[in-house]
Amino acid sequence: MEDFFKHQSCSITICDKQGIVLYMNERAVNTFGDKRGENLYACHPPHAIAKINQMLLDGSDNCYTIEKNGVKKMIFQTPWKNNEGEICGLIEYSFVIPFEMPHYVRK
């Protein structure tokens, strides 16, 4: 199967319910190093681990922005589920956003 996420302009990381990294696209590997097969809990502080555990428990999403080295990014973390609707892990999308960007309210 073709890897549709491989060359995306955002970083995509997928882990299982135990926190083992199953997939990283090229952007994620270039940003974080190759963490496939490793546990993501090892690279997160306690408050982030608590949030990860909460998302895995209740299926909630987590969304926030960060700034590092003059670059602003949107981080969106969301559970992924199997065909039966059971939470199986998390997907994290990280993409650069401009400091000033349009906002539209649509009806």
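**Exercise 1.** Identify the residue of strand 5 that stands opposite proline 79.

*Solution.* Opposite proline 79 stands leucine 90 of strand 5. The model is predicted, so local features need pLDDT of at least 70, side-chain atom pairs count only at pLDDT 80 or more, and totals for chains, interfaces and linings use all residues. Residues are numbered from 1 along each chain as its sequence is written, and side-chain values use heavy atoms, leaving out hydrogens and water.

Now widen the view. Strand 4 and strand 5 run antiparallel and are joined by nine bridges. Two strands count as paired if DSSP finds at least two bridges between them. Five residues separate the two strands in their hairpin. In that turn, glycine 85 has a positive phi of about 85°.

**Exercise 2.** List the secondary structure elements of the protein chain in order from the N terminus.

*Solution.* Count the elements: two helices and five strands. Helices (H or I, at least four residues) and strands (E, at least two) are DSSP runs, numbered from the N terminus. Their order is β-β-α-α-β-β-β.

**Exercise 3.** Give the strand order of the sheet, then explain why strand 2 and strand 3 each have one side without a neighbour.

*Solution.* The sheet is open, and its five strands come in the order 2-1-5-4-3 with antiparallel pairing. Strand 2 (21–24) and strand 3 (62–68) are at the edges. Each has a single partner strand, so one side of each lacks a neighbour in the sheet. From one strand to the next, the twist averages 20°. Strands of a sheet pair through backbone hydrogen bonds, parallel or antiparallel.

**Exercise 4.** Find the bridge partners of cysteine 63 and threonine 13.

*Solution.* Take the strand 3 side first. Strand 3 pairs with strand 4 (residues 71–81) over seven bridges, in the antiparallel sense. Cysteine 63 has phenylalanine 76 in strand 4 as its bridge partner. Tyrosine 64 stands opposite isoleucine 75 of strand 4. The hairpin of strand 3 and strand 4 has two residues between the strands. There, asparagine 69 takes a positive phi near 55°.

Next, strand 1 (residues 11–16). Strand 1 and strand 5 pair antiparallel over six bridges. Threonine 13 has glutamate 92 in strand 5 as its bridge partner.

**Exercise 5.** State how many of the ten residues of strand 5 are buried, and which strands helix 2 lies across.

*Solution.* Buried means under 20% relative accessible area, exposed over 50%, and partly exposed in between (1.4 Å probe, protein chains only). Seven of the ten residues in strand 5 are buried, so the strand is mostly covered. Over the protein chain, buried residues make up 29% of 107.

Helix 2 (residues 46–58) lies across strand 3, strand 4 and strand 5 (87–96). Helix 2 runs at about 125° to strand 5. Axes are lines fitted to C-alpha atoms, for helices over the stretch in contact, and angles run from 0 to 180 degrees between N-to-C directions.

**Exercise 6.** Is glutamine 54 buried, partly exposed or exposed, and which residues does glutamine 54 touch?

*Solution.* Place the residue: glutamine 54 lies in helix 2. Its relative accessible area is 35%, so glutamine 54 is partly exposed. Then check contacts (heavy atoms within 4.5 Å). Leaving out residues up to four places away in sequence, glutamine 54 touches Gly59 and Ser60. Last, take glycine 85: 31 residues from glutamine 54 in sequence, and 17 Å away, C-alpha to C-alpha.
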